[in-house]
Amino acid sequence: MAVKIIVGAQWGDEGKGKIVDHLSDSVDIVARYQGGANAGHTVVIGEKQYVLHLIPSGIFHEHVTCVIGNGVVIDPIALMDEIKQLRSLNINITGRLLISHNAHLIMPYHKLLDSIREKSSEKIGTTGRGIGPAYIDKFMRVGIKIVDLLDRDTFVHKLKRNIEEKNQILRKIYDNPELDINEIVHEYEQFDKQIDEYITDTALFLNNAMKENKNILAEGAQGALLDIDHGTYPFVTSSNPTSGGACTGLGVPPTAVSSVLGVVKAYTTRVGNGPFPTELEDETGEQLRTIGGEYGATTGRPRRCGWFDAPMLRYSAMINGITEIAVTKLDVLDKFDQLKICTGYIIDGKPLKSYPTDSRTLDKVQPVYLIFDGWKSSTRSAKDINDLPLNARRYLDAIEELTGCKVTIVSVGARRDQTIFTK
Ligand code: IMP
């Protein structure tokens with residue numbers, strides 16, 4: 001049995017969709033373990049680009065079964081849109097998409113509360129998809145699960161209890177009009193028939209699959225530094241994108257995990273608020289954004305861009321147990337005269353020994369950089385590591401040395417064939 005976990009090792013948007021799509025060739029199951037429609041996984045097949053928010057990108061491989069695990073929060077409206085999109089592409093998903101009966105639902109009041117809270121001066125810069133409020137309800141033990149959709153009475157009972165409380169909050173705290181329970185029941189009651197065929201006990205399915213020696217790819221969304229426990233709190237998402245989240249979010253035991261692949265961009269990006277020590281708020285940052293097409297796949301927001309941050313990666317490798325890394329978007333750096341990698345941080349004139357996850361400290365650190373000559377030629381048609389220009393190989397060697405992680409995959413473009421396997 002083998003479970004390989006794929007984690008975003010930075011602040012999300014590392015290109016996990018493409019790597020999962022690639023690795024899907026050699027696995028039987030791809031299982032998403034946390035987050036919701038806040039994620040946007042882009043896959044380019046031929047000339048066409050597809051963005052998936054909930055369904056794992058393994059769905060494009062006919063032999064792969066895709067699982068949405070219990071740790072995911074599901075917006076049925078977004079899910080149905082995605083199912084419709086896949087069906088319009090003639091992709092057969094019957095029997096190939098399994099949704100955990102224990103996953104929680106995102107309800108209209110979650111999205112509303114998310115957007116209202118984001119109007120405050122202390123905003124996080126969320127995607128507005130209702131993620132935080134849905135996880136709040138899950139942990140308050142008042143959440144509505146996917147399985148509740150199948151029993152109208154239970155669904156209406158739970159919804160009523162929630163709506164009464166949410167309407168008080170909306171009216172009394174936010175001076176917002178109340179929500180109509182009948183409208184929500186009407187909107188959601190269509191989903192039971194549409195989703196019924198996919199709902200199952202996915203933890204049981206995965207554990208049975210492991211007994212049959214099937215290979216499973218556990219796909220994380222967002223990135224390690226957005227982790228609710230280990231990220232740059234409070235500027236984080238409300239789940240555990242780190243590798244530990246795969247066990248709780250799928251119901252697979254830690255002893256089943258054979259490897260953890262961290263996906264990293266050859267530079268760093270972040271969407272939303274929060275500290276970002278290597279951020280470039282100048283022309284170079286703008287150049288990275290333009291060449292890299294650094295605009296959110298879910299919200300279209302411009303991403304903040306900066307240099308590769310090795311201390312962050314060392315921390316990420318530690319908490320995730322990363323055994324190898326995939327470096328994506330190396331080609332975005334093709335035209336730069338000079339490149340920098342942050343090797344450490346200084347605070348109050350002294351080097352920091354460990355990574356500060358406390359956002360106020362991270363806000364104050366000064367990055368220390370190593371400077372590299374650019375390679376000033378295209379890497380986009382490289383098929384082998386030795387096809388890369390010498391300076392590009394030096395840059396990758398430095399990433400390996402400074403992070404302590406072996407680079408096993410290098411991506412030099414959005415297409416499937418623009419991927420180099422180094423081993
Ligand atoms: P939320 O997950 O929508 O609550 O947003 C919380 C933080 O996580 C914000 O800074 C978002 O920009 C960020 N975030 C959420 N999902 C993603 C993602 O898929 N990629 C990058 N950042 C994300």
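## Ile 136 and helix 4

Ile 136 is partly exposed in this predicted model. Its relative accessible area is 42%. That value falls in between the cut-offs, since buried means under 20% and exposed means over 50%. The residue sits in helix 4, which spans residues 131-140.

Ile 136 can also be placed relative to Met 312. The two are 176 residues apart in sequence. In space, their C-alpha atoms are 28 Å apart.

## The ligand site

The ligand is surrounded by 15 residues. The closest are Asp 13, Asn 38, Thr 127, Thr 237 and Arg 301. By class, the shell holds six nonpolar, seven polar and two charged residues.

Asp 13 supplies a side-chain approach: one of its polar side-chain atoms lies 2.9 Å from a nitrogen atom of the ligand. Gly 125 and Val 271 approach through the backbone. A backbone N or O atom of Gly 125 is 3.3 Å from a ligand oxygen atom. For Val 271, a backbone N or O atom is 3.1 Å from an oxygen atom of the ligand. On its own, the ligand has 470 Å² of accessible area, and the protein covers 97% of that.

## Helix 8

Helix 8 runs over residues 202-211. Four of its residues to note are Thr 202, Leu 206, Ala 209 and Met 210, which are buried. Why do they fall on the same side of helix 8? They cover an arc of only 100° around the axis, and this puts them on the same side. In general, an α-helix has 3.6 residues a turn, so residues three or four places apart point the same way.

Both ends of the helix have a local feature. At the start, a side-chain oxygen of Asp 201 comes to within 3.3 Å of the backbone nitrogen of Ala 203. After the helix comes Asn 213, with a positive phi near 60°.

## The open sheet

An open sheet is built from 10 strands. Their order is 9-7-5-2-10-1-11-15-19-20, and the pairing is mixed. Strand 9 (199-200) and strand 20 (419-421) stand at the edges. Each has a single partner strand, so one side of each is left without a neighbour in the sheet. Strands of a sheet pair through backbone hydrogen bonds, either parallel or antiparallel.

## Strand 10 and its partners

Is strand 10 largely enclosed or left open by the rest of the structure? Four of its five residues are buried, so strand 10 is largely enclosed.

Strand 10 covers residues 215-219 and runs parallel to strand 2, residues 29-32. Four bridges join these two. Within this pairing, Arg 32 stands opposite Glu 219. Strand 1, residues 2-8, also runs parallel to strand 10, with five bridges between them. Here Ala 2 stands opposite Asn 215.

## Strand 15 and its partners

Strand 15 spans residues 324-328, and five of its five residues are buried. Both faces are covered. Glu 324, Ala 326 and Thr 328 lie on one side, with Ile 325 and Val 327 on the other.

Five bridges join strand 15 to strand 11 (residues 257-265), and the two run parallel. Strand 15 also pairs in the parallel sense with strand 19 (residues 407-411), over three bridges. Ile 325 takes part in both pairings. In strand 11, Gly 262 stands opposite Ile 325. In strand 19, the bridge partner of Ile 325 is Val 407.

## Thr 419 at the sheet edge

Thr 419 belongs to strand 20, which stands at an edge of the sheet. Is Thr 419 buried or exposed? Thr 419 is buried, with a relative accessible area of 10%. The cut-off for buried is under 20%.

Which side chains does Thr 419 contact? One is Lys 18: a polar contact of 3.0 Å joins the two side chains. Another is His 22, whose side chain makes a polar contact of 3.2 Å with that of Thr 419.

Terms used
Residues numbered from 1 in each chain as written. Predicted model: local features only at pLDDT ≥ 70, side-chain atom pairs only at ≥ 80, totals over all residues. Heavy atoms only, no water. Near = heavy atom within 4 Å. Polar contact = N/O pair within 3.5 Å; in protein donor to acceptor, adjacent residues only side chain to side chain. Areas by Shrake-Rupley, 256 points an atom, 1.4 Å probe, with all protein chains shown as cover. Nonpolar A, V, L, I, M, F, W, Y, C, P; charged D, E, K, R; others polar. Buried < 20%, exposed > 50% of the residue type's maximum accessible area, 1.4 Å probe, protein only. Arc of directions from axis to C-beta. Pairing = 2+ DSSP bridges.
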